[in-house]
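Hi,

Here's the structure I promised to pass on. Have a look at it first, and then read on for what turned up.

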Amino acid sequence: MSIHWYPGHMHKAQKEIKELLPQVDLLIEVLDARIPYSSENPAIAAIRGDTPCIKVLSKSDLADPEVTAIWQAHLEQERGVKTFTTTTEQPQKMKQIIDLCRKMLPEKDASIKTINTMICGIPNVGKSTLINILAERIIAKTGNEPAVTKAQQRINLGSGIILFDTPGILWPKVENPQSSYRLATTGAIKDTAMEYDDVGFFAADYLIKAYPDLLKERYKLEHIPDTEIEFLEMAAAQRGALRAGGRVNLHKICEVLVNEFRSGKLGRISLETPDMVLKEEAEMAAAELKKAEEKAQRKERFKTGSATRDKKAQKEHRIERVQRRSKEKQTRKK
């Protein structure tokens, strides 16, 4: 699935982040704890360089705690990176981020110099809520749909810390197709830019393999079937998501499944692990290499003017046919 949603303000925001970053002492990147890899903007990683970074895993109360711990250990293997888990229900814990900023920049903390920080993250990941708690006042507009913040802001958090806020940004092309589905499932893109049926089938396929017991309990099922379509049909029967004549309303049950995942009613669920991601990256690299090799071969054939064996054979056959017809025509004239 491709994401066809990249508002103009996101392109502008990405440009502003790149221009501002050299002035920043510390980056605060807010990630969705359920999808730390898929919610990490590769453009930010590319331009961050050696700038220290706090990766805040938001909505951690919705994620599988064991998987979150694995992600923290994985992310902190990168130099200059610290992780911090938080939820909107823990405002006091969120404020500890300010202390962590000082600890990561001891030379600045010991002086009278201002610590310039910048916060960034994908849409609908809880960035605005975090800002309001850190600033102890309503500064950033919050909402349950993505792309609420549309302009950059400069916020004085006090104690010598300045925070630059940036709009939540996606990127023009999500290379990993699995990440596209995960972003859609968690609500990082507007529902108008996705198909509930498509996303619902993805979610059902993943959940029946990774969290069957949670599905069994939530939808009161005696067993979990092997395929997503069978599960969705059983869940639809339980929830009354049916059309006239008792036919399953797939759109409705997919909408129910996605919304119950987002709200946490299904339980604490993570949609990816470091091992899954490493495997997917290896598969993408292999596919990209094969694509590059095929392109190079086509370019070489075009460059040398050579044709494939099939095309050569077709060309030779056409020449022979023309020559044969010419001889037959000459014979008839005699």
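Let's start with one helix: which residues of α12 are buried? They are Ile253, Cys254, Val256, Leu257, Val258, Glu260, Phe261 and Arg262. Bear in mind that this is a predicted model. The cover over those buried residues includes α8 (177-186), α9 (196-210), α10 (212-218) and α11 (228-239). As for its length, α12 runs over residues 250-263, and at 1.5 Å a residue its 14 residues should span 20 Å; the C-alpha atoms at its ends are 20 Å apart, so the two agree. Right after α12 comes glycine 264, with a positive phi of about 90°.

Stepping back for a moment, the protein has 14 helices and six strands. It counts 334 residues, 43% of them buried. If you take the contacts between residues at least 6 apart in sequence, 68% join residues at least 24 apart.

Now to the sheet. It is open, with six strands in the order β3-β2-β1-β4-β6-β5 and mixed pairing. The edges are β3 (81-85) and β5 (153-158); each has a single partner strand, so one side of each has no neighbour in the sheet. On average, neighbouring strands are turned by 25° against each other, ignoring direction. For a closer look at one pair, try β1 (residues 26-32) and β4 (residues 115-121), which run parallel and share five bridges. One thing to find there is glutamate 29, whose bridge partner in β4 is cysteine 120.

Two helices that pack on this sheet are worth pulling up. α3 touches β1, β2 (53-58) and β3, and its direction makes about 160° with that of β3. Helix α5 (residues 96-104) touches β1, β2, β3, β4 and β6 (161-165), with its direction at about 155° to that of β2.

Back to α3 (residues 65-75), where Val67, Thr68, Trp71 and Leu75 are buried. Looking down the axis of α3, you'll see these buried residues fall within an arc of 100°, so they line one face of the helix. The general background is that an α-helix has 3.6 residues a turn, so residues three or four places apart point the same way. At the start of α3, aspartate 64 has a side-chain oxygen within 3.1 Å of the backbone nitrogen of glutamate 66.

Cheers

Conventions: Residues are numbered from 1 along each chain as its sequence is written. This is a predicted model: local features need pLDDT of at least 70, side-chain atom pairs count only at pLDDT 80 or more; totals for chains, interfaces and linings use all residues. Side-chain values use heavy atoms; hydrogens and water are left out. Helices (H or I, at least four residues) and strands (E, at least two) are DSSP runs, numbered from the N terminus. The expected span of a helix is 1.5 Å times one less than its number of residues. Buried means under 20% relative accessible area, exposed over 50%, partly exposed in between (1.4 Å probe, protein chains only). Contact means heavy atoms within 4.5 Å. The arc is that of the directions from the helix axis to the C-beta atoms. A polar contact is a pair of N or O atoms within 3.5 Å; within protein, one must be able to donate a hydrogen and the other to accept it, and residues adjacent in sequence count only if both atoms are side-chain atoms. Two strands pair if DSSP finds at least two bridges between them. Axes are lines fitted to C-alpha atoms, for helices over the stretch in contact, and angles run from 0 to 180 degrees between N-to-C directions.
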